[in-house]
Amino acid sequence: MSVLNLKAISKSYQDGEEERTILDKLDLQVSAGEFVAILGPSGSGKSTLLSIAGALLSADSGEIYLDGEKVGSQKEWTKLRREKIGFIFQNHQLLPFLTIAEQLDMIGKFSKRFSKTEVKQRQEALLAELGIADCAKKYPKQLSGGQKQRAAIARAFLNQPSLILADEPTASLDASRGRQVAELIRQEVKERQTAVVMVTHDERILDVVDTVYRLENAKLVKVNN
Ligand SMILES: Nc1ncnc2c1ncn2[C@@H]1O[C@H](COP(=O)(O)OP(=O)(O)O)[C@@H](O)[C@H]1O
Ligand SMILES: [Mg+2]
């Protein structure tokens, strides 16, 4: 069974007089433990696709299944996102006024999935795995770009989501830090059997992922990898 199953997803935007089709009856399946990359030039619809997959934006038509369950009305979206999905963005989006440990505590509290003790244990394990145990008591501004992105990865994995959606997570980093971040995402994916969809421009990190697609003319085309 796929963790994420997109069936015939379509999305158009009005562009002046014209309607522009961004996604055209697009299908995508991602399994547990599978690291998928989606390539495509700027403006091709990658972020739109991730937003639809992450229940942040509604499609014009098509169906989304998460863990085999159909994603229903918008009323259920917040709960679904909290319990099943982790997001990693290009700019870490950490809160400036909380330490790394405090932001992870907060995510843990929202989910109600783990006890306080479990949240603390998961938090420590993740920070250690990601090589930033010494950053727990620091504020984002005290961390390097790579460390901030690692903290964002820890946050995304904390609640043990079924699906991680990453929108150009390496774009703000230099080549070697970008690669490290992709490798750390892979490590967590395999360790925790999470499904990941990562949108990227960076063709140099594609050997780190399992499956590569290109978003072209509003459709996904599988790339031999
Ligand atoms: N809310 C919106 N209203 C109108 N057009 C939009 C909106 N969001 C995105 N678009 C257009 O859809 C296209 C795809 O955008 P996006 O998904 O952000 O692409 P990418 O992430 O691949 O750069 C772009 O041409 C963008 O201008
Ligand atoms: Mg984008």
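Q: In this predicted model, which elements each supply at least two residues of the shell around ligand 1, and which gives the most?
A: Two elements, β2 (18-30) and α1 (46-53), each supply at least two residues of that shell. The top contribution is 3 residues. The element that gives the most is α1.

Q: Which residues are around ligand 1?
A: A residue belongs here if one of its heavy atoms lies within 4 Å of the ligand. Tyr-13, Arg-20 and Ile-22 are among them. The rest are Pro-41, Ser-42, Gly-43, Ser-44, Gly-45, Lys-46, Ser-47 and Thr-48.

Q: How does the shell around ligand 1 divide by class?
A: Gly counts as polar in this scheme. The charged class has 2 residues and the nonpolar class has 3. The polar class has 6.

Q: What is the distance from an oxygen atom of ligand 1 to an N or O atom in the side chain of Thr-48, and what share of the ligand's accessible area does the protein cover?
A: The oxygen-to-side-chain distance at Thr-48 is 2.5 Å. On its own, ligand 1 has 560 Å² of accessible area. The share covered by the protein is 58%.

Q: Which residues have a polar backbone atom 3.2 Å or 2.9 Å from an oxygen atom of ligand 1?
A: A polar contact needs N or O atoms within 3.5 Å. At 3.2 Å, the backbone partner is Ser-44. At 2.9 Å, the backbone partner is Ser-47.

Q: Is Arg-20 buried or partly exposed, and which residues does it touch?
A: Arg-20 is found in strand β2. Its relative accessible area is 42%, so it counts as partly exposed. Leaving out residues up to four places away in sequence, Arg-20 touches Lys-11, Ser-12, Tyr-13, Asp-15 and Gly-43.

Q: How far apart in space are Arg-20 and Lys-75?
A: The two residues are 55 residues apart in sequence. Taken C-alpha to C-alpha, the distance between Arg-20 and Lys-75 is 28 Å.

Q: How many helices and strands does the protein chain have, and why does it count as being as compact as a globular protein of that length?
A: The chain has 6 helices and 10 strands. The globule rule gives 17 Å for 225 residues, and the chain is close to that, so it is as compact as a globular protein of that length. Its radius of gyration is 17 Å.

Q: What percentage of the residues in the protein chain is buried?
A: Buried means under 20% relative accessible area. The count runs over 225 residues. The buried share is 49%.

Q: What share of the contacts with a separation of 6 or more joins residues 24 or more positions apart?
A: Contact means heavy atoms within 4.5 Å. Among contacts with a separation of 6 or more in the protein chain, the share from residues 24 or more positions apart is 72%.

Q: Is Gln-103 buried or exposed, and which backbone oxygen does its side chain reach?
A: Gln-103 sits in helix α3 (residues 100-111). Its relative accessibility is 3%, so it counts as buried. Residues it touches include Leu-94, Leu-95 and Pro-140. At 3.0 Å, its side chain reaches the backbone oxygen of Leu-98.

Q: Where is Ile-185, and which residues does it touch?
A: The place of Ile-185 is in helix α6. With 0% relative accessibility, it counts as buried. Beyond residues up to four places away in sequence, Ile-185 touches Phe-35, Ile-88, Ile-153, Phe-157, Pro-169 and Val-196.

Q: What is phi of Glu-168?
A: Glu-168 lies in the loop between β7 (163-167) and α6 (175-192). Most residues other than glycine have a negative phi. In Glu-168 the value is positive, near 50°.

Q: Is Gln-193 buried or partly exposed?
A: Gln-193 lies in the loop between α6 and β8 (195-200). Its phi is positive, near 50°. With 45% relative accessibility, Gln-193 counts as partly exposed.

Methods: Residues numbered from 1 in each chain as written. Chains lettered and ligands numbered in written order. Predicted model: local features only at pLDDT ≥ 70, side-chain atom pairs only at ≥ 80, totals over all residues. Heavy atoms only, no water. Polar contact = N/O pair within 3.5 Å; in protein donor to acceptor, adjacent residues only side chain to side chain. Areas by Shrake-Rupley, 256 points an atom, 1.4 Å probe, with all protein chains shown as cover. Helix = DSSP H or I, 4+ residues; strand = E, 2+ residues; numbered from the N terminus. Rg over C-alpha atoms; globule rule 2.2 N^0.38 Å. Buried < 20%, exposed > 50% of the residue type's maximum accessible area, 1.4 Å probe, protein only.
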